[in-house]
Amino acid sequence: MSFTTDKQTLEDLNIFGKHGGDSIYNIFNRCVTRGGAAVLAELFRYPLADFEAINKRSGIIQSFALAGTSFPFKGADFDAVESYLANTDERSKLTVQENTVARKLTNMIAMDIETQQIYKGVEALVALMKKTQELMEELNENKFYKQENEEIRTILNNPAFTEMNQSRGKLSPTQIADFDVMLRFRYRTLVEKLLQHIFHLDVYLAIAKVANERKFVFPKALPAGQPDLLKLEGVYHPQVKNAVPNNIHVTTDNNVIFLTGANMAGKSTFMKSLSIAMFLAHMGFPVAAQQMEFAVLDGVYTTINLPDNLGMGASHFYAEVLRVKKMAEELQLKKGLFIVFDELFRGTNVKDAYEATIAITSAFAKKRKSIFLISTHIIEAGDVLKEKCSNINFVYLPTRMNGHQPVYTYTLEQGITGDRHGMVIINNEKILEILQNGKKQLRKTTANYGI
Amino acid sequence: MGFKTDKQTLDDLNITGRFKAQSVFSLFNDTQTGGGEKLLEGMFQQPLTDAAAINNRSDVFNYFHNKQLSFPFNPSTIQAAETYLGEETGSSYLLAAGAHLRRKFLQMAMKDEQYGQLQSGLLATIDMLKALQQFLPLMEGCPATGLFETVAVTFKGDKMKWLQEVGVDQPLTLLQLARYDHLVRHVLRNEMEGILRFIYHLDVYIAVSNVARERNFLYARALPKDQHIFQTTALHHPALKNGVANPLHLHEDRNVLFLTGANMAGKSTLMKSLGIAVYLAHMGFPVAARDLVFSVRDGLYTSINVSDNLNLGYSHFYAEVLRVKKVAEQVAEGNDLVVIFDELFKGTNVKDAYDATLAVTKEFAAYRNSFFVISTHIIEVGAALQQECDNLQFSYLPTIMEGSVPRYPYTLTAGITNDRHGMIIIENERILEMIQE
């Protein structure tokens, strides 16, 4: 079973971002090659749901991060190779027979572009293979990368490539014509496989570098079906400067996190931090935290910035209902999920929201395999839920008042908060004053008209 | 000073946007020419703030509405004429004629296309002028002034006599071509520009009045500012063909409409209908409302889909606060506005929302020169406001339950409702059963 998520989640967490703006993908995309960037996007699109696969990938990246290995190729090394391999036209094969004096002369004076491209491509690819051979020798020590290393060597040691590996100096036209047939046609699949391995290596090394620079940690994946669902220390949002870290420990006995807090106290940011960590962890990637252990889940779904779809005639509330319904459908498939709802049912009146929050949260609470993170303004629902369910973890983000100025600690505390500072914010923006003073001026002008 | 509004308002009401489906602009954009489309866009960008100008424009639309004239030109002819007239020509007749001769020669000798293009451009222009000449008499009694009169005078005078000499569909001799080209592109240059602009206006008038006729839109009457009135007997959303129409009456003594209703009862649609009607009425355009009379306002602000802006570090609530602040500043400056707030302060907890809605509504209500429409789920605010202010009207959109299925009649009713059917909607979707299975 593969790991599932959806467009809403990717947008909420800003995984790919809009128009290439700041996104989680961009944090990690330090790949040298274009192929590497494409592989990275693929990894983001398909996180893993198998703890062994996750641990294997994170082990490889971690080993590179420890060794500080750097990627020895340049992006330009691949440009010639890519355009060369893209040409699959059989007719463009170089033929040895044509190698007449006349042709040699023309080639010496001015080679036609296609031939030139093939020459360059073959030379670049042969150089690439030699360099890879050397790199694999170097990486011999790395036991995490052993399997891939061996696969790469098997390709490179294929008898067909022996002559290439042993070639020295400038290649002769005959050699190039021979190699061309091998590389581009006869052993094409092998060459492509080799390139994919190199692109993956590029990704691993890029991520290792990011992990080192940003001091991200590598989470440990555990098989599903154990009481400890998530142990996370010092988690923070990778895109927020000077972010405050938080700890959270989720077991099957407190798998519903009920989050309260005033506006601007950082509820949404905490929910995003946690979700991003879960998402990255399921990719085998390092996360913005001090320590993380998690039991593998089958999917992540967040609902943080749900747009209403008035074009389709659905109100905000109805959009939320449909979203909850979708979660219910997924849960019905006996999946273990990480589900996040920010401000559940904010599109409706308070009483409806109160009833609905209680009904939905207590229904979710029966699903002990999944983790739920629900924030709400309706603190009254929390009191009822406390009575009703035993596995809800009540946490809040506090606000301290410093005179009239609210100060936010962004540090989770246990319990439910009744903090509310909406009126303070309105007063700080002086909205009522603006209106009161404006009115006075207006009275003056109307009085003048009277005269 | 122009009509005040902002991007949030235009987005809320989905007014502008050439490529947005269902925008009000694309609803009216039935224009045939590029110039007409541009002109229409300009009208959408700048609503009017002068009652006389508004009434004048709506009279013109109304005239075309009743006359049922169709656009007398072929769009490709207009395009060819535009290209031709847009090119420069020499100011000296002799030099220009010499150039034509050279082109003619090139055409014969080397199959050069310039001469052919010149000739077809000029012929298109002549076609266009002839069509216009025939069309003008049909426009007797049109209330459009200015441009229309100038063009009419041009055609009545001697300047256009030469048009009679040209036969239809006859190729021009070199001499004719040189003469007419000089006339059209040099001597009558300003007149031609006026004529093109007139044609664009004609395009817009006909396109908009056609849409109005097809969709049964009607024309509003603008009144001077100081009467402070907005009144219609039947208002509906222009994009909804079978929308339910509601009467609405705002004036100085009842300048705040306090709107309640369950989810999906149609609150947002009603507010959007009002916003769009206000906007279109200030453009002098036909509106989806019957017997609409309104005092001209200085601007329109709505707050229907405020999104949080986490990139700037705003929470949803803070975004709303900033929005209210912006409107408050405009109101406090003494502008006569129409202000629409949907679900004010929904991004916060109940108690805050109650306090904030009450305080802000009370302060806004004191500005009797502006109209406010405020919707909320917190009906307790309504009860408190009833005690404190005398210039509010309370209306709601009802929900009728048929068994467990809610039905929405979308008719505005006086009073405050505490209808709520959120749980029924959840139950109808059978979500709880699904989770518990």
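In this predicted model, strands E4 (residues 256–261) and E10 (residues 392–397) of chain B run parallel to each other, joined by 6 bridges. One place to spot the pairing is B:Val256, which sits opposite B:Leu392 in E10(B). Helix H15 (residues 379–388) of chain B packs on the sheet here and touches both E4 and E10 of chain B. Its direction makes about 145 degrees with that of E4(B).

Zooming out, E4 and E10 belong to an open sheet of 6 strands in chain B, ordered E7-E8-E9-E4-E10-E13, with mixed pairing. At the edges are strand E7 (299–303) and strand E13 (413–414) of chain B, and each of them pairs on one side only. Another helix of chain B, H13 (residues 316–332), also packs on this sheet, where it touches E7 and strand E8 (337–341). The angle between the directions of H13(B) and E7(B) is about 160 degrees.

Chain A also has a helix called H15 (residues 379–388), and its burial pattern is easy to follow. A:Ile379, A:Ala381, A:Gly382 and A:Leu385 are buried in this helix. They lie on the same side of H15(A), because the arc they cover around the axis is only 135 degrees. Over on the other side of H15(A), A:Asp383 and A:Glu387 are exposed. As for what the buried side meets, the buried residues of H15(A) pack against strand E4 (256–261), helix H14 (350–364) and strand E9 (392–397) of chain A.

Back in chain B, strand E2 (residues 229–235) has several pairings to look at. With strand E3 (residues 246–251) of chain B, E2 pairs in the antiparallel sense over 5 bridges, and B:Phe230 stands opposite B:Leu250 there. B:Phe230 turns up again in the pairing with E6(B), where its bridge partner is B:Phe294. That strand, E6 (residues 293–295) of chain B, runs antiparallel to E2(B) and is joined to it by 2 bridges. Strand E5 (residues 289–290) of chain B is antiparallel to E2(B) too, again over 2 bridges, with B:Leu235 opposite B:Ala289.

In chain A, 4 strands make up an open sheet in the order E1-E5-E2-E3, and the pairing is mixed. Its edge strands are E1 (220–222) and E3 (246–251) of chain A, each pairing on one side only. On average, and with direction ignored, neighbouring strands of this sheet are turned by 15 degrees against each other. Strand E2 (residues 228–235) of chain A runs antiparallel to E3(A), and 5 bridges join the two; among the partners are A:Lys231 and, in E3(A), A:His249. Helix H12 (residues 267–281) of chain A packs on the sheet, touching E2, E3 and strand E5 (291–295) of chain A. The direction of H12(A) makes about 115 degrees with that of E2(A).

A:Ala277 brings the nonpolar core into view. The largest such core has 247 residues, and those with the most contacts inside it are A:Ala277, B:Ala277 and B:Val287. Leaving out residues up to four places away in sequence, A:Ala277 touches A:Leu232, A:Val235, A:Val287, A:Ala288, A:Ala289 and A:Met292.

On the scale of a whole chain, the domain assignment splits chain B into domain 1 (67–213) and domain 2 (218–436). Taken over C-alpha atoms, the centres of domain 1 and domain 2 of chain B are 51 Å apart.

How values were computed:
Residues numbered from 1 in each chain as written. Chains lettered and ligands numbered in written order. Predicted model: local features only at pLDDT ≥ 70, side-chain atom pairs only at ≥ 80, totals over all residues. Core = buried A, V, L, I, M, F, W, Y, C linked by C-beta atoms within 7 Å. Buried ≥ 20, exposed ≤ 12 C-beta atoms within 10 Å, placed from the backbone. Contact = placed C-beta atoms within 7 Å. Pairing = 2+ DSSP bridges. Axes fitted to C-alpha atoms, helices over the stretch in contact; angles between N-to-C directions. Domains from an automatic or database assignment. Arc of directions from axis to C-beta.
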